[in-house]
Amino acid sequence: MASGNGSNFEALVEAGARQLLPAQVVSLVVNNPGCGASQRAERLGIGVTCLNHRSFASRDSLDGALVDHFQAIGVDLVVMAGWMRIVTSRLIRAYPERLVNIHPSLLPSFRGVDAIGQALAAGVRLSGCTAHLVSEEVDAGRILAQAAVPVVPGDNHATLARRIQAQEHRILPLAVGLAAERLGLLHSQP
Ligand code: GRF
(Lines give C-alpha, C1' and ligand atoms only; values in the text may rest on other atoms or scores of the structure.)
Protein backbone atom coordinates (compact mmCIF):
# COMPACT_ATOMS: atom_id res chain seq x y z
CA MET A 1 0.00 0.00 0.00
CA ALA A 2 1.52 3.34 -1.01
CA SER A 3 0.35 6.90 -1.50
CA GLY A 4 3.31 8.84 -2.85
CA ASN A 5 6.78 8.42 -4.22
CA GLY A 6 7.02 4.67 -3.59
CA SER A 7 10.72 4.32 -2.81
CA ASN A 8 9.97 1.88 0.03
CA PHE A 9 7.73 -0.14 -2.26
CA GLU A 10 10.57 -0.38 -4.79
CA ALA A 11 13.04 -1.36 -2.04
CA LEU A 12 10.75 -4.28 -1.13
CA VAL A 13 10.43 -5.41 -4.75
CA GLU A 14 14.21 -5.23 -5.19
CA ALA A 15 14.88 -7.11 -1.96
CA GLY A 16 12.54 -9.87 -3.15
CA ALA A 17 14.20 -10.01 -6.57
CA ARG A 18 17.68 -10.21 -5.01
CA GLN A 19 16.46 -12.83 -2.55
CA LEU A 20 17.35 -10.62 0.41
CA LEU A 21 13.69 -11.00 1.35
CA PRO A 22 12.12 -14.46 1.17
CA ALA A 23 8.90 -13.06 -0.26
CA GLN A 24 7.57 -11.54 -3.44
CA VAL A 25 5.54 -8.37 -3.88
CA VAL A 26 2.51 -9.49 -5.85
CA SER A 27 0.37 -6.38 -5.91
CA LEU A 28 0.48 -2.65 -5.18
CA VAL A 29 -2.52 -0.62 -4.04
CA VAL A 30 -2.36 3.16 -4.32
CA ASN A 31 -4.91 5.77 -3.31
CA ASN A 32 -3.53 8.57 -5.50
CA PRO A 33 -3.91 7.86 -9.23
CA GLY A 34 -0.64 8.20 -11.14
CA CYS A 35 1.51 8.64 -8.01
CA GLY A 36 5.21 7.81 -8.10
CA ALA A 37 4.60 4.39 -6.54
CA SER A 38 2.15 3.53 -9.30
CA GLN A 39 4.68 4.56 -11.98
CA ARG A 40 7.37 2.46 -10.30
CA ALA A 41 5.03 -0.58 -10.25
CA GLU A 42 4.38 -0.23 -13.97
CA ARG A 43 8.13 -0.09 -14.66
CA LEU A 44 8.73 -3.10 -12.40
CA GLY A 45 5.88 -5.16 -13.86
CA ILE A 46 3.82 -5.33 -10.64
CA GLY A 47 0.03 -5.06 -10.96
CA VAL A 48 -1.39 -1.81 -9.56
CA THR A 49 -4.88 -1.31 -8.15
CA CYS A 50 -6.03 2.22 -7.47
CA LEU A 51 -8.51 2.64 -4.63
CA ASN A 52 -8.97 6.39 -4.60
CA HIS A 53 -10.05 7.42 -1.11
CA ARG A 54 -11.97 10.37 -2.64
CA SER A 55 -14.45 7.87 -4.12
CA PHE A 56 -15.27 6.24 -0.80
CA ALA A 57 -17.78 7.54 1.72
CA SER A 58 -15.69 6.62 4.77
CA ARG A 59 -12.36 5.25 5.95
CA ASP A 60 -14.19 2.04 6.80
CA SER A 61 -15.51 1.55 3.26
CA LEU A 62 -12.06 2.19 1.75
CA ASP A 63 -10.56 -0.36 4.14
CA GLY A 64 -13.32 -2.81 3.24
CA ALA A 65 -12.31 -2.51 -0.42
CA LEU A 66 -8.65 -3.06 0.54
CA VAL A 67 -9.55 -6.23 2.46
CA ASP A 68 -11.67 -7.51 -0.46
CA HIS A 69 -8.76 -6.93 -2.83
CA PHE A 70 -6.17 -8.61 -0.61
CA GLN A 71 -8.45 -11.58 0.05
CA ALA A 72 -9.22 -11.96 -3.65
CA ILE A 73 -5.52 -12.29 -4.50
CA GLY A 74 -4.68 -14.26 -1.34
CA VAL A 75 -1.78 -12.30 0.14
CA ASP A 76 0.00 -13.48 3.30
CA LEU A 77 1.22 -10.08 4.48
CA VAL A 78 0.28 -6.47 3.83
CA VAL A 79 2.81 -3.62 4.01
CA MET A 80 1.90 0.02 4.47
CA ALA A 81 4.89 1.45 2.58
CA GLY A 82 4.05 5.14 2.82
CA TRP A 83 0.24 4.84 3.03
CA MET A 84 -0.82 8.32 4.07
CA ARG A 85 -4.26 7.39 5.39
CA ILE A 86 -5.21 6.29 8.86
CA VAL A 87 -6.43 2.71 8.68
CA THR A 88 -9.38 1.32 10.61
CA SER A 89 -10.01 -1.86 12.56
CA ARG A 90 -11.63 -3.27 9.39
CA LEU A 91 -8.17 -3.72 7.82
CA ILE A 92 -6.23 -4.25 11.06
CA ARG A 93 -8.49 -7.09 12.24
CA ALA A 94 -8.42 -8.78 8.83
CA TYR A 95 -4.60 -8.98 8.97
CA PRO A 96 -3.67 -9.46 12.65
CA GLU A 97 0.14 -9.63 13.03
CA ARG A 98 0.25 -9.42 9.22
CA LEU A 99 0.11 -5.68 8.65
CA VAL A 100 3.48 -3.88 8.68
CA ASN A 101 4.05 -0.10 8.64
CA ILE A 102 7.16 2.04 8.19
CA HIS A 103 7.33 5.26 10.20
CA PRO A 104 10.06 7.95 9.96
CA SER A 105 10.97 8.24 13.66
CA LEU A 106 12.34 6.16 16.46
CA LEU A 107 9.02 5.14 17.97
CA PRO A 108 7.59 5.69 20.52
CA SER A 109 8.92 9.23 19.86
CA PHE A 110 7.09 11.38 17.31
CA ARG A 111 4.02 9.36 16.45
CA GLY A 112 1.51 10.58 13.90
CA VAL A 113 1.84 13.13 11.10
CA ASP A 114 5.10 14.82 10.06
CA ALA A 115 7.39 12.86 12.37
CA ILE A 116 10.43 14.42 10.68
CA GLY A 117 9.14 17.95 11.31
CA GLN A 118 8.38 16.99 14.91
CA ALA A 119 11.95 15.69 15.39
CA LEU A 120 13.46 18.87 13.90
CA ALA A 121 11.22 21.07 16.07
CA ALA A 122 12.19 19.12 19.19
CA GLY A 123 15.89 19.58 18.41
CA VAL A 124 16.78 15.91 18.88
CA ARG A 125 20.28 14.88 17.78
CA LEU A 126 19.25 11.34 16.92
CA SER A 127 16.33 10.28 14.80
CA GLY A 128 15.58 7.31 12.58
CA CYS A 129 12.86 4.98 11.44
CA THR A 130 10.76 2.13 12.76
CA ALA A 131 9.09 -0.80 11.03
CA HIS A 132 6.28 -2.14 13.20
CA LEU A 133 3.13 -4.20 13.22
CA VAL A 134 -0.03 -2.13 12.98
CA SER A 135 -2.34 -2.09 15.98
CA GLU A 136 -5.48 -0.07 16.63
CA GLU A 137 -3.52 2.66 18.42
CA VAL A 138 -1.68 4.74 15.79
CA ASP A 139 2.08 3.99 15.51
CA ALA A 140 2.01 1.86 18.64
CA GLY A 141 2.16 -1.78 17.46
CA ARG A 142 5.00 -4.23 18.15
CA ILE A 143 8.33 -2.94 16.87
CA LEU A 144 10.01 -5.24 14.34
CA ALA A 145 13.11 -3.22 13.35
CA GLN A 146 14.60 0.23 13.90
CA ALA A 147 17.55 2.20 12.59
CA ALA A 148 18.98 5.40 14.05
CA VAL A 149 20.47 8.30 12.08
CA PRO A 150 22.13 11.50 13.37
CA VAL A 151 20.48 14.90 13.00
CA VAL A 152 23.34 17.19 11.97
CA PRO A 153 23.65 20.98 12.21
CA GLY A 154 22.04 22.63 9.18
CA ASP A 155 19.66 19.72 8.54
CA ASN A 156 16.29 20.59 7.05
CA HIS A 157 13.26 18.44 6.35
CA ALA A 158 14.62 17.25 3.00
CA THR A 159 18.13 16.35 4.17
CA LEU A 160 16.91 14.50 7.25
CA ALA A 161 14.20 12.71 5.26
CA ARG A 162 16.82 11.52 2.76
CA ARG A 163 19.05 10.14 5.53
CA ILE A 164 16.11 8.40 7.20
CA GLN A 165 14.78 6.96 3.95
CA ALA A 166 18.08 5.29 3.12
CA GLN A 167 17.65 3.34 6.37
CA GLU A 168 13.96 2.66 5.75
CA HIS A 169 14.89 0.91 2.52
CA ARG A 170 17.21 -1.36 4.49
CA ILE A 171 15.00 -2.19 7.50
CA LEU A 172 11.59 -2.55 5.84
CA PRO A 173 12.54 -5.74 3.95
CA LEU A 174 14.18 -7.05 7.14
CA ALA A 175 11.02 -6.35 9.12
CA VAL A 176 8.79 -8.04 6.56
CA GLY A 177 11.05 -11.11 6.74
CA LEU A 178 10.81 -11.07 10.55
CA ALA A 179 7.03 -10.74 10.48
CA ALA A 180 6.80 -13.64 8.03
CA GLU A 181 9.10 -15.74 10.21
CA ARG A 182 7.04 -15.03 13.36
CA LEU A 183 3.96 -16.23 11.50
CA GLY A 184 5.64 -19.40 10.30
CA LEU A 185 5.19 -18.36 6.69
CA LEU A 186 8.77 -19.21 5.68
CA HIS A 187 9.48 -22.75 4.58
CA SER A 188 12.93 -24.15 3.96
CA GLN A 189 13.67 -25.25 0.41
CA PRO A 190 13.42 -29.06 -0.17
C1 GRF B 1 8.41 7.14 4.29
O2 GRF B 1 9.31 8.08 4.78
C3 GRF B 1 7.65 6.48 5.42
O4 GRF B 1 8.33 6.51 6.63
C5 GRF B 1 6.40 7.30 5.54
O6 GRF B 1 6.11 7.70 4.24
C7 GRF B 1 7.30 7.80 3.48
C8 GRF B 1 7.07 7.11 2.18
O9 GRF B 1 8.10 7.31 1.26
N10 GRF B 1 5.36 6.53 6.17
P11 GRF B 1 8.12 6.52 -0.13
O12 GRF B 1 6.79 6.81 -0.80
O13 GRF B 1 8.28 5.07 0.17
O14 GRF B 1 9.26 7.07 -0.91
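Q: What makes the approach of a nitrogen atom of the ligand to a polar backbone atom of Ile-102 a polar contact?
A: The two atoms are 3.0 Å apart. A polar contact is a pair of N or O atoms within 3.5 Å (within protein, one must be able to donate a hydrogen and the other to accept it, and residues adjacent in sequence count only if both atoms are side-chain atoms), so this pair qualifies. The model is predicted: local features need pLDDT of at least 70, side-chain atom pairs count only at pLDDT 80 or more, and totals for chains, interfaces and linings use all residues. Residues are numbered from 1 along each chain as its sequence is written, while side-chain values use heavy atoms and leave out hydrogens and water.

Q: Which backbone atoms lie 2.7 Å and 2.8 Å from an oxygen atom of the ligand?
A: For Gly-6, a backbone N or O atom lies at 2.7 Å; for Asn-8, one lies at 2.8 Å.

Q: Which residues are around the ligand?
A: They include Asn-5, Ser-7, Met-84, His-103, Gln-165 and Glu-168. Each has a heavy atom within 4 Å of the ligand.

Q: Why are S3 and S4 called paired strands?
A: Strands are DSSP runs of E with at least two residues, and helices are runs of H or I with at least four, numbered from the N terminus. Two strands pair if DSSP finds at least two bridges between them; S3 and S4 have three, in the parallel sense, and therefore pair. Val-78 has Leu-99 in S4 as its bridge partner.

Q: What makes S3 and S6 edge strands?
A: The open sheet has the order S3-S4-S5-S6, and S3 (78-80) and S6 (143-150) each pair on one side only.

Q: Which residues of H5 and H6 meet?
A: Ile-116, Gly-117 and Leu-120 in H5 meet His-157, Leu-160, Ala-161 and Ile-164 in H6, where contact means heavy atoms within 4.5 Å. By class, five of these residues are nonpolar, two polar and none charged; Gly-117 counts as polar because Gly is placed in that class. The axes of H5 (115-122) and H6 (157-182) are 10 Å apart, at an angle of about 115°.

Q: What makes Glu-97 notable in phi?
A: Its phi is near 65°, a positive value in a residue other than glycine. Glu-97 is in the loop between H4 (89-94) and S4.

Q: Where is the cis peptide bond?
A: It joins Leu-107 and Pro-108, with omega about 15°; Pro-108 is in the loop between S4 and H5.

Technical notes:
Axes fitted to C-alpha atoms, helices over the stretch in contact; angles between N-to-C directions.
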